[in-house]
Structures are given as C-alpha cells and as structure tokens.
There are 2 protein chains.
Amino acid sequence: MLAGGYGGAKLSHGLALASAAARERGAAGLELSIIVNTGDDLEIHGLSVSPDLDTVMYTLAGLANEATGWGVRDETWSGSQMLARYGAATWFGLGDRDVATNLLRSQALRAGERLTEVTGRLGGALGVTARLLPMADEPVRTEVLTSEGWLEFQEYFVHRHHAVDVVAVRHVGAESARPTAEVLAAIAAAELIVLAPSNPFVSIGTILAVPGMAGALRAAAAPVVAVSPIVGGAALRGPADRMFVTLGGEASASGVVAHYRMRFPGLVNGFVIDDLDAQATPALEATGATVLVTQTVMRDDAGRRALGEAILGRFLPGWPT
Amino acid sequence: MLAGGYGGAKLSHGLALASAAARERGAAGLELSIIVNTGDDLEIHGLSVSPDLDTVMYTLAGLANEATGWGVRDETWSGSQMLARYGAATWFGLGDRDVATNLLRSQALRAGERLTEVTGRLGGALGVTARLLPMADEPVRTEVLTSEGWLEFQEYFVHRHHAVDVVAVRHVGAESARPTAEVLAAIAAAELIVLAPSNPFVSIGTILAVPGMAGALRAAAAPVVAVSPIVGGAALRGPADRMFVTLGGEASASGVVAHYRMRFPGLVNGFVIDDLDAQATPALEATGATVLVTQTVMRDDAGRRALGEAILGRFLPGWPT
C-alpha cells in the first residue's frame, strides 16, 4: 500500500485486520508493506517529525487517537504548555507521548541511521508487524502555492488549517530522493498494490513524485488499485476536494480516476469507489478500468476490515473470501 | 554565587528573596549572578540536559518540584512511559515539562548558540531576573572512580543512586574549558562571592576545576564565603559526607573548611556553618577564617530567606540589616 496519514492509516489497519482474520480461519495472511508519504515531514524544536509515518504506526499499534485522527491516545500536553511558557511555537501539536517517538527518531537520524531503519525499529517495538517504509530516506518537503506564496506543508495544513486555496504543489528535494531498496523490493514482490484513499496531490502524489517510484509501480507484476478519497463529491477529511477545484479537475470519484489516468498514465489498473458514486461506474469501466463499488467510508474497525476484505477479495488472486 | 543543583538552588532562592524584601523596604536589592556547575550535564535521547542549571532556574522561576528537589512541579511522565514502550532508557527522569526545556536548549546549542546565551533566554522567558551563568560554554563532564571503574556522573548519581563509593573524581574536558566572559565579569564586579552549600567535590569542585576560575576568584575584590553543606557530620542531601570519607578528609564543618583551605589555598575568606556545629568555631577562627554560625538548614522559603539575609548581613558591606 501507498499511504498518507489519515485514510492510509485506516485502510492499512483494515488490511491488517483482514489479514489477522484470515489467519484465524487458518488461511495465509498478508505480508503487508506500507510505503508512506514523508513529504509532510517537518523539523520543529529540533525534532524530525514524520506525521504520516507516525499516524500509520500508532494506528497499527493500537495507540492512535481515533478522535483526532493523529497523535497518540491518552496523550498529555505538558511539554506543549511549557513550550508556550518559553514563547516557542505550539501551532504544531506535539503531545508528550508523541515527543518520545520524535526524540528517538531524531536521535537516530542524527546518529546516521536511515529513516527506514529507525522507522522499522520504532514500529517493531510497538508490536507493528507490517513493514512501515518511508517512501525515501532523503528528505522531501511538500510545499503549496497560495495567495501567501509558497508555504511548507504543515504551515498550510496545520498552522493555516488548510483554509487557503492551493494553486500549485511542489515537492522540494524530490529530485535528489529515490525509493529505498526496501520500497523497490516491496513493489517488485507485491501481489497487489493499493493506493490508499489519501490526498492524490499531497500524499499519494508526493510518493509518486519520487523519481523512479512511478516507473517501479508500472513495472510491477501486481495490479495497482486506487481507492478514491472523494465520496459523494467531498473529501472525508482534509482539503482534497478543494484541491481538485483549484489545481484542476473535478472533486468526484470520476475526477480521481481522471487524475490518476492523466497524471500517471498506465499506472493504475483498478479503482475502488463508494456506493454513493456507483452511477459513475459505467463511464469509468468504459475507459478500461476495473472498478469495485463498495462501502469505502471506514466508520469503525469493522468498516476498515470490510473495506480491506472487499479490496482483497476483488483484486488479490487467491485471497480466501 | 557558585552553585550546584539542590543546595545551590535553595540558597539562590534565599538570596533572591532577601533581595526582594530589601527592595520592598526601599533599599537596593542584589544584582545576583549564579555561576552554575555544568559537570553534571549529560546527553540522553539526543537531548542536552543541564540538571543543575535547570534546578536553579526552576527554583528561581517558582516552578520547582520542591518534593523531589529536581524537575518541574505538576510534572507528567507520559513521554517517559512512551520511551519505556520503545525500550529506551528511562533511569534518568525526564518529565514532560522538563523535556520542553531540554528540547529548546538542545536545538539552540545545535544551531551554534552558546550555552550561556540559551540559558539566559530560557530563564528570562520564565521570569528569572538573576543571571544564570553556566560555569563554561565548553562541555565538562564529571566522572567518578568506583569499584565499577569510571562512571559518568549521572550514571553514578541517578542510575546507581550514588550507592557506590567514590575514590576519585575527574572533570573530563575541563582542560579545554574556560570561564565565560560573563562569569569573569560577574566575579570581577562582585561585592560578595558565595560558594553555595553544594557538594565540594562534584559541584563546587567542578566549577573550581575550570582553568582560570580559582584564579579569578582569588583576584576578585570581593570576599569569598563558603557555606558548609555538612551539618552535624552529615550531608543534608546526596553523597558529600561519604565522599569526605572515601576521598580523604572529615565529614564535618571543620572538614569542609579544611578541604577548601588545603585544595584551594587563599581562595575562601569566610565560612558559614550551622548552629549545630558551633563548637568548631574557635578552632576555625584560629586559622584566620571569618566564621558565621547560623541556621543553615533551609526547611522552607522563610529559612532560605533567613540564611540569605544572615550571609548578606555578615559579609556584604552596606547591606541593610
């Protein structure tokens, strides 16, 4: 799976739950690798923060704050209060438990460890069995062009509450980044590749902006299936729907399909759209795409698992339905 | 004042309280500079931790945890719990509020700021008006020789609960350290210099081990007065009394006086000893020292202020008693 934070974490969890259920039935489970967007990463207070990686990790570890969709549950905010006393910036919410994750990652990176290595170590310590793979070890920083000029992604997303329109996206550093060996190996070995219902511009789009990533996906033996993050014309969370308007396109399931087909021709073979958008199916199938229409809104663990099982049942050959 | 953590913080506070009371009476207060031991500093989880500086800072800011004698009051420990989940070391207690201090200091030091500068900035943000001065900007690390070999100071003090005997002390890096310009200026301008009732070997002794520090104190116009950390033959806190036994000397007020006179001849002109040790006064005065006998155990804020006022009244010319 290629994943951003929120939708990526939920569907990662759905696939993990589907895998665990299959194992309980005596069938083989999944070997799940999650290739995660690191374009949202930031440096703050000297910490190297990887919000999407951590959202996926906390979710798979059963530690996520489900109410907020980010951070750790049972979180406390003492450190943030103290930062405020010092007059330091607190617009980027760093809970006390989350700080521990960021401390250990930052220390490891400064010591020369690869982001891939420390991510695996941290996830393993929390009991995560899926392979959490940053898309690249080199820093890539997504920036968005707004009426205020180019903003770093978290400046736009968190500090401005993504309330300003985005008229362009760039991925600073992408030209020097490469998919890691672990990412390339996972793509080459995959039997199914899923693009999570994450933002096509600043989550999945960032991963695909890493030179060599799209080519590796096109060269993969496995089908590549994209799950629409737009349901009934709206993003379930975040600014993806508004970005379709301001960046060009249509905020709809058909718009998502058109986006991937135009921007990344030949890359995506199948699409998963919501029951609510079922009327679009004939037109989408007429373009040659395989389309799964199902309930894509993951309201709870059962919903996550159900979507995971629906995708696996439709697209993964041999999956025990 | 030259200060370690616990005793240094309490007497610093006592002097600050005495100064505030003098100002309330319409008299001039003190311009208080605290030269703090940094030999106890450590690096942990990538943080540059300065325990003595922070104990003094939190105490003067009214934020200290008076129950423990270190750290911040109303502290939480979520980050520490999370570090434990990751299998990281948690023997050195880093509360969530304290982590914020250490994050900002570490970030500033990595950005090339001097420890003196960031210390002043952090203290100022917390409303501390005294000048908090690290003894040096260069790292000095106190190590103690035990039956387990040389141990870093916090390994000995916190991790081993100072339960092993110390047969030697060394200050790694001291030869490359120098008193800062701010420290030298404070010493030169001082009208009174007080050695806090901190450990003579690993707190005050570390400050005095910085090349040029003892000379600057000897050259100062102001009298240098040492407050005994030994009362009735015992250290009020920590291993100072046992160190007198294992490092040579006598765990008594007289032993403290003998220590400073032998190790740092000509440096200390006056001593402050507890009422409990009054019987030693004639012998001490016979050596030429000026001795103040008073209540030195600072049980509460009133006790801190009383000791501060007693010292100022006895040793600072013109102090309004």
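Which residues are exposed on the other side of helix 7 of chain B? To find out in this predicted model, where local features need pLDDT of at least 70, side-chain atom pairs count only at pLDDT 80 or more and totals for chains, interfaces and linings use all residues, select helix 7, residues 181-189 of chain B, bearing in mind that helices are DSSP runs of H or I with at least four residues, and strands runs of E with at least two, numbered from the N terminus. Residues are numbered from 1 along each chain as its sequence is written, chains are lettered from A in the order in which they are written, and side-chain values use heavy atoms, without hydrogens and water.

Colour Val183(B), Ala186(B) and Ile187(B), which are buried (under 20% relative accessible area, with exposed over 50%, for a 1.4 Å probe and protein chains only). Seen down the helix axis, these buried residues fall within an arc of 95° and so line one face, the arc being that of the directions from the axis to the C-beta atoms. On the other side, Ala181(B), Ala188(B) and Ala189(B) are exposed.

Next, display both chains and their contact (heavy atoms within 4.5 Å), which takes 29 residues from chain A and 29 residues from chain B. In chain A, Met82(A), Tyr86(A) and Leu103(A) lose the most area to chain B. Finally, select helix 4 (96-110) of chain A, which gives the most to the side of chain A that touches chain B, with nine residues.

Notes
Buried area = accessible area lost by both parts, 1.4 Å probe.
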